[in-house]
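Me: Please take a close look at the nonpolar interior of this model, and set it in the context of the whole chain. I would like one connected account rather than a list.

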Amino acid sequence: MPPSNQSAAVLRDGGPSETTTDISGLTESLTAEVNRIACDKTRAIQQITNQMKMLALNALIESARAGEHGRGFAVVAQEVRAVGQQIDALAGDLETQLTRRTGALMSSIAQMTEQSMADRMVDLSLNAVELIDRNLYERTCDVRWWATDSAVVSCAAEASPAARAYASERLGVILAAYTVYLDLWLCDLDGTVLANGRPDRFAVQGTSVATESWFREARALRSGDDYVAGDIERQPKLGDAQVATYCATVREGGRTDGKILGILAIHFDWEPQARAIVSGVRVGDDARVRVLLVDRRLRVIAASDGAGILAEHLPLKTDGRRSGCFHDPSGALVAFHATPGYETYKGLGWYGVIVRKAG
């Protein structure tokens with residue numbers, strides 16, 4: 001497998017989804033404008049009818065003063081007054097109905113716009129977690145492949161100073177090509193680090209990793225085809241860097257069914273790779289949007305704003321769904337999608353999550 005030094009494909013907002021949002025915004029704006037014009041015109045009609053009623057009232061007063069001579073004019077004035085009242089009632093009814101209907105239309109448009117936004121956020125949540133799955137799938141391939149390297153196998157079989165030096169040299173060559181790793185460690189079955197790829201940077205040789213959960217899990221692997229994918233953690237021996245550790249067994253003769261000789265652990269440089277993915281997602285106003293990756297315990301393991309990593313637990317309301325969206329108590333729209341896995345990498349129960357603040 002060729003080196004995979006790319007951090008991630010960048011996710012960009014645009015295309016049909018952005019066009020749909022623009023059309024929805026334009027339709028909402030036009031509807032609001034129609035509503036305003038209708039209200040303005042009906043109020044103008046009401047003002048005119050009020051003037052008509054005032055003129056009719058004045059005409060009635062003058063006809064009363066004219067006595068018998070103004071009786072016919074009084075009939076006309078009464079009719080004008082009645083017509084004005086009818087027009088006033090029609091104008092009021094028109095305003096009420098138009099306002100109700102345009103209000104309902106604007107509400108429907110707002111709901112459709114939010115649904116479109118929610119659907120796009122769910123899709124981008126899937127894309128984000130899928131990108132990291134594909135990246136980590138390659139890590140599982142790397143560790144199983146490198147565990148069969150002849151220098152690694154020889155050192156695990158007989159850890160002489162010369163064998164350890166040569167294994168470290170070989171691991172260093174690998175690191176020079178695969179820059180997404182912080183270090184590669186060859187450990188014996190007791191958990192002692194025999195060799196590493198960057199001994200000048202990380203003085204880990206001779207130290208023990210026997211208590212590490214990934215080492216204990218790797219020690220129990222049944223075949224060279226199997227691997228361990230550890231949770232994201234800070235590794236004190238690597239300067240407290242955030243790492244994703246992958247392990248495979250080193251076996252006699254490099255065979256998958258050979259006798260287990262040691263454990264190869266490779267430490268993926270998690271923080272810059274994950275940051276590139278979550279920072280690359282664009283959903284509307286960036287100031288209102290937070291893109292996250294969370295693990296199966298709903299612990300934040302990557303965040304576009306850099307906050308809460310490995311400390312914050314997200315109250316993700318999945319209701320047993322693999323994907324969906326909901327509004328949290330603050331009114332923010334939260335979209336999520338569970339890891340789909342990739343090829344032989346089944347994923348670790350992670351989620352891609354996008355939170356869009358209300359307002």
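Reply: What follows goes from the chain as a whole to its nonpolar cores, then to the enclosed cavity and a few individual residues.

The model is a predicted one, and its chain contains 6 helices and 11 strands. Of its 359 residues, 44% count as buried, and among the contacts with a separation of 6 or more, 61% are between residues 24 or more positions apart. The chain exposes about 17,900 Å², with carbon and sulfur atoms supplying 54% of that area.

As for the interior itself, the largest nonpolar core has 73 residues, and those with the most contacts inside it are Tyr181, Leu186, Trp270, Trp350 and Val353. Helix α2, which spans residues 71-146, gives the most to this core, with 13 residues. Apart from the largest core lies another one, made up of 19 residues, among them Leu182, Phe202, Val204 and Val209.

Tyr181 deserves a closer reading, and its neighbours are given here without residues up to four places away in sequence. On that basis, Tyr181 touches Arg139, Asp142 and Trp146, and also Leu175, Arg198, Ile266, His267, Phe268 and Asp269.

Helix α2 also holds Thr96. Threonine 96 counts as partly exposed because its relative accessible area is 40%, which falls between the 20% and 50% limits. In space, Thr96 and Thr42 are 9.8 Å apart, C-alpha to C-alpha, while in sequence 54 residues separate them.

The enclosed space can be described briefly, as the structure holds 1 cavity of 30 Å³ or more. The largest cavity has a volume of about 50 Å³, and its lining consists of Arg144, Ala147, Thr148, Gly224, Thr249, Arg251, Gly254, Arg255 and Thr256. By residue class, this lining divides into 1 nonpolar, 5 polar and 3 charged residues.

Finally, two loop residues merit a check of their backbone angles. Leu298, in the loop between β7 (289-294) and β8 (300-303), has a positive phi of about 65° although it is not a glycine. Glu343, in the loop between β10 (333-338) and β11 (351-356), has a positive phi of about 55°, and it is not a glycine either. Glutamate 343 counts as exposed because its relative accessible area is 53%, which is over the 50% limit.

Methods: Residues numbered from 1 in each chain as written. Predicted model: local features only at pLDDT ≥ 70, side-chain atom pairs only at ≥ 80, totals over all residues. Heavy atoms only, no water. Helix = DSSP H or I, 4+ residues; strand = E, 2+ residues; numbered from the N terminus. Buried < 20%, exposed > 50% of the residue type's maximum accessible area, 1.4 Å probe, protein only. Contact = heavy atoms within 4.5 Å. Areas by Shrake-Rupley, 256 points an atom, 1.4 Å probe, with all protein chains shown as cover. 1 Å grid on protein atoms, 1.4 Å probe; cavity = no way out; pocket = protein on both sides within 12 Å on 5 of 7 lines; lining within 4 Å. Points joined across faces, edges and corners; volume = space filled by probe spheres on them. Nonpolar A, V, L, I, M, F, W, Y, C, P; charged D, E, K, R; others polar. Core = buried A, V, L, I, M, F, W, Y, C linked by side-chain atoms within 4.5 Å.
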